[in-house]
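Please open the model in a viewer and keep the sequence panel visible beside it. The stops below are arranged as successive selections.

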Amino acid sequence: GGGHAVVPPLKLTAGGGKSQPLQGLPETLRPGKTYIRVEDTRRALRDLAGWYRGRFSIPVVQITGSVGKTTTKEMIAAVLGAKLQVWKTPENYNNDVGTPLTLLGLTAEHQAAVIETGMNHFGEIEYLTEMVKPDIAVISNIGDAHIEYLGSREGILKAKCEIFTHLKPDGLAVLNGDDALLDTVAEPFCTIRCGKSEHCQARIAEITDYGVEGIRCTIVTEKDRYLLDVPAPGEHMAYAAAIAVSVGAALGLSREEIVRGAASYVPSGSRMRVLRLQSRRMILDDCYNATPQSGTAALEVLAKTECGRKAAVLGDMGELGGLTDQAHYNMGALAAMLGIDLVFAIGSGNLAGKIADGVALSGGSVQYFPTKEEALPELRRQLVPGTVMLVKASHAMKFGWLVERLQETQTGE
């Protein structure tokens, strides 16, 4: 007993003709399930999520940008979480499937939502924004990511500014105020710019860098002053903090709540995750993704870390178009100029090979390996006591495997 009824295939009858099975149906229908036939499953998912989002009157923050989207999302969510029950994009659910699934996760208990949206082609952000319908739109920066598809930084700016297409008329735009291209944006919305520049309404006044322990920064707005301790390395974290201050203040959080929220920030995934191993060994796991901007920030964190020996494991960066060769060469040259003791360049010869050239021709020490499997034995050998090793590459390189293996190496010593 208790069996499920099988839903029969739907039929469509033309006037006077024989019944014909609808096209596009699955060959077998699962028992006990209801099926709804639509013309386009992708658009149906978006429309369903957009309708569902419309049932909630809570403030919705949407974030895009070339670099730092997830970091900014997590920082805003941490700050708002000091007062509100926050729903945020899980992991990297920021595309045309992940975003509607995120919106469909909203429940009656949520008091705010922080939604991250990604793209690499024109029209994608507008497509996502139509269902998100943000009250606050955030652009973290305009970098070189996806320039292969968008042609230029101006193209990237145009694509990111699609976030304003469905921003509510009384909505708020929060932008990186130190980004020259974002400074050209003159949308008809209330706008807060965040950064070190004098014209910023949320100004980063001071930064104290504690290396891998994090930063302390002062954010000054027109109405208040915030002294924040952010438990994540890198001065770039001050930008995420300034943006979160602006969003938090706009939604009525107190200074105490904003300060407490920023202090509770936890990095998401492999984004400058500090892994402490035995004998003063340390891995800086930043292998979720890589662009010239994020690579520079990661190398600067490594350079400022107090330790006996510094090593960088660098791999291919994708979607850089005509910038590809120079960007990889520059990454290697920067590592050498920052005094990194040893660089490992891993990946295709025409990309990682450029990294190796940059290191060698700038006077640094470098070893090249075509694959991470070939590199692993030497990485294990070089991760001696007192060494801090940065692992950084585009997500497609799957350098997380290296991080896992290196952690295993030191277990039980």
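## Overview of the predicted model

Of the 413 residues in the protein, 51% are buried. The model is a predicted one. Colouring by secondary structure displays 13 helices and 17 strands. Among the contacts in the protein with a separation of 6 or more, 66% join residues 24 or more positions apart.

## First stop: the sheet of nine strands

Select the strands in the order β4-β5-β3-β6-β7-β8-β9-β10-β11; these 9 strands form an open sheet with mixed pairing. At the edges stand β4 (86–88) and β11 (225–230); each has a single partner strand, so one side of each is left without a neighbour in the sheet. From one strand to the next, the twist averages 20 degrees.

Next, restrict the selection to β10 (residues 215–220) and β11, an antiparallel pair joined by 6 bridges. Within this pair, Val-220 lies opposite Arg-225 of β11.

## Second stop: Lys-83

Move to the loop between α2 (69–80) and β4, where Lys-83 is found. Is Lys-83 buried, partly exposed or exposed? Its relative accessibility is 42%, so Lys-83 counts as partly exposed, given that the partly exposed class lies between the cut-offs of 20% and 50%.

Display the surroundings of Lys-83 next. Neighbours within four places in sequence aside, Lys-83 is in contact with Gln-111, Gly-252, Leu-253 and Glu-257. For Leu-253, a distance label between C-alpha atoms is instructive: Lys-83 and Leu-253 are 170 residues apart along the chain, yet their C-alpha atoms are separated by 7.1 Å.

## Third stop: the second largest pocket

Turn now to the second largest pocket, which holds about 330 Å³ of space. It is lined by 17 residues, and those closest to its centre are Ile-192, Thr-221, Glu-222, Lys-223 and Ala-249. To see which elements contribute, highlight β8 (190–195) and α7 (237–250): each supplies at least two residues of the lining of this pocket. Colouring the lining of the second largest pocket by class gives 8 nonpolar, 5 polar and 4 charged residues.

## Fourth stop: the sheet of six strands

Select a further open sheet of 6 strands, ordered β12-β13-β17-β14-β15-β16, in which the pairing is mixed. Its edge strands, β12 (273–276) and β16 (366–369), each pair on one side only. Here the twist averages 15 degrees from one strand to the next.

Within this sheet, isolate β14 (residues 309–315) and β15 (residues 342–346), which run parallel and are joined by 5 bridges. Ala-312 has Val-343 in β15 as its bridge partner. Then add helix α11 (residues 352–361), which packs on the sheet and touches β14, β15 and β16. The direction of α11 makes about 170 degrees with that of β16.

## Final stop: the enclosed cavity

How many cavities of 30 Å³ or more are there? The count comes to 1. The largest cavity contains about 50 Å³ of space. To display its lining, select Ala-290, Thr-291, Gly-295, Leu-314, Gly-315, Met-317, Met-331, Lys-392 and Ala-393. By class, this lining of the largest cavity comprises 5 nonpolar, 3 polar and 1 charged residues.

Notes:
Residues numbered from 1 in each chain as written. Predicted model: local features only at pLDDT ≥ 70, side-chain atom pairs only at ≥ 80, totals over all residues. Heavy atoms only, no water. 1 Å grid on protein atoms, 1.4 Å probe; cavity = no way out; pocket = protein on both sides within 12 Å on 5 of 7 lines; lining within 4 Å. Points joined across faces, edges and corners; volume = space filled by probe spheres on them. Helix = DSSP H or I, 4+ residues; strand = E, 2+ residues; numbered from the N terminus. Nonpolar A, V, L, I, M, F, W, Y, C, P; charged D, E, K, R; others polar. Pairing = 2+ DSSP bridges. Axes fitted to C-alpha atoms, helices over the stretch in contact; angles between N-to-C directions. Buried < 20%, exposed > 50% of the residue type's maximum accessible area, 1.4 Å probe, protein only. Contact = heavy atoms within 4.5 Å.
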